[in-house]
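Q: I'm new to this structure and would like a close look at a single part of it. Could you walk me through the sheet, strand by strand, and then what lies against it?

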Amino acid sequence: MKKLSLRTRVLTGAVAVAALGAGTFGAMSANASTPAAAPAAVKADAANDNLQQTTHLTVAAATKAARATLDAAKKENQRVSVAVVDRNGNTVVTLRGDGAGPQSYDAAQKKAFTAVSWNAPTSELAKRLTDAPTLKDIPGTLFLAGGAPVQAGGAPIAGIGVAGAPSGDLDEKFAQAGVASLAR
């Protein structure tokens with residue numbers, strides 16, 4: 001048998017070590033990707049207080065309220081934007097009326113968020129700033145008249161915000177028209 005050169009022996013050994021290492025790494029990778037045992041299922045039913053039911057406006061109802069708001073503004077030749085948010089402050093519908101200013105879109109959303117967050121018209125909330133001026137520092141809020149909460153059983157389920165009219169009183173009047181449309 002012919003004796004292999006040192007160079008050949010080193011290369012053969014390196015290949016053997018690499019092959020062995022690859023096999024070990026592959027086995028370890030396969031073990032690492034094996035899924036862990038699934039946690040036990042938790043029973044979720046209203047009887048054991050794991051669930052809470054809430055009331056939300058449908059998209060159709062939110063759209064109806066937004067349209068009624070724009071219609072009320074149009075009757076008075078006002079160009080506004082309207083936003084309807086859900087109980088969590090997430091926007092459901094936003095409509096920018098023809099000719100409404102670019103700032104009105106964002107302001108309407110913030111007024112709607114503010115109204116639902118405190119379950120009060122934003123004109124009332126603006127009055128509270130004299131006693132608690134830092135309220136206005138809460139992100140996403142706007143303490144100007146023009147927001148109205150939508151309630152079910154006295155609890156807030158949505159907010160309607162309007163912006164773009166020459167006064168907050170008009171904005172809030174139009175928002176209230178949107179709320180009233182939901183009772184019809």
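A: Happy to help; what follows is a walk through the sheet and its surroundings. Please keep in mind that this is a predicted model.

Let's begin with the overall layout. The sheet is open and is made of four strands, ordered β2-β1-β4-β3, with antiparallel pairing. At the edges sit β2 (91-96) and β3 (147-152), each of which pairs on one side only. From one strand to the next, the twist averages 15 degrees. As background, strands of a sheet pair through backbone hydrogen bonds, in either a parallel or an antiparallel way.

Now take β1, residues 81-86. This strand is mostly covered, with six of its six residues buried. In a regular strand, side chains alternate between the two faces of the sheet. Here Ser81, Ala83 and Val85 point one way from β1, while Val82, Val84 and Asp86 point the other way, and all are buried.

On one side, β1 is joined to β2 by five bridges, and the two run antiparallel. Within this pairing, Val84 stands opposite Val93 in β2. The hairpin of β1 and β2 has four residues between the strands, and Gly89 there takes a positive phi near 85 degrees.

β1 also pairs with β4, again antiparallel, through six bridges. Ala83 has Gly161 as its bridge partner in β4. Moving on from there, β4 (residues 155-163) pairs with β3 over six bridges in the antiparallel sense. Val150 is found opposite Ala158 in β4.

What lies against the sheet? Helix α3 (residues 102-118) lies across β1, β2, β3 and β4, and runs at about 155 degrees to β4. Helix α5 (residues 168-181) packs on the sheet too, touching β3 and β4, and its direction makes about 135 degrees with that of β4.

One more residue is worth a visit. Thr69 lies in helix α2 (residues 59-75). Thr69 counts as buried because its relative accessibility is 0%, and the cut-off for buried is under 20%. Leaving aside neighbours within four places in sequence, Thr69 is in contact with Val82, Ile160, Val162, Phe174, Ala175 and Gly178. Of these, Val82 is one of the buried residues of β1.

Finally, there is the largest pocket, with a volume of about 240 Å³. Its lining includes Leu70, Lys74, Val80 and Gly97. By type, the lining residues divide into three nonpolar, three polar and five charged.

Notes. Residues numbered from 1 in each chain as written. Predicted model: local features only at pLDDT ≥ 70, side-chain atom pairs only at ≥ 80, totals over all residues. Heavy atoms only, no water. Buried < 20%, exposed > 50% of the residue type's maximum accessible area, 1.4 Å probe, protein only. Contact = heavy atoms within 4.5 Å. 1 Å grid on protein atoms, 1.4 Å probe; cavity = no way out; pocket = protein on both sides within 12 Å on 5 of 7 lines; lining within 4 Å. Points joined across faces, edges and corners; volume = space filled by probe spheres on them. Nonpolar A, V, L, I, M, F, W, Y, C, P; charged D, E, K, R; others polar. Pairing = 2+ DSSP bridges. Axes fitted to C-alpha atoms, helices over the stretch in contact; angles between N-to-C directions.
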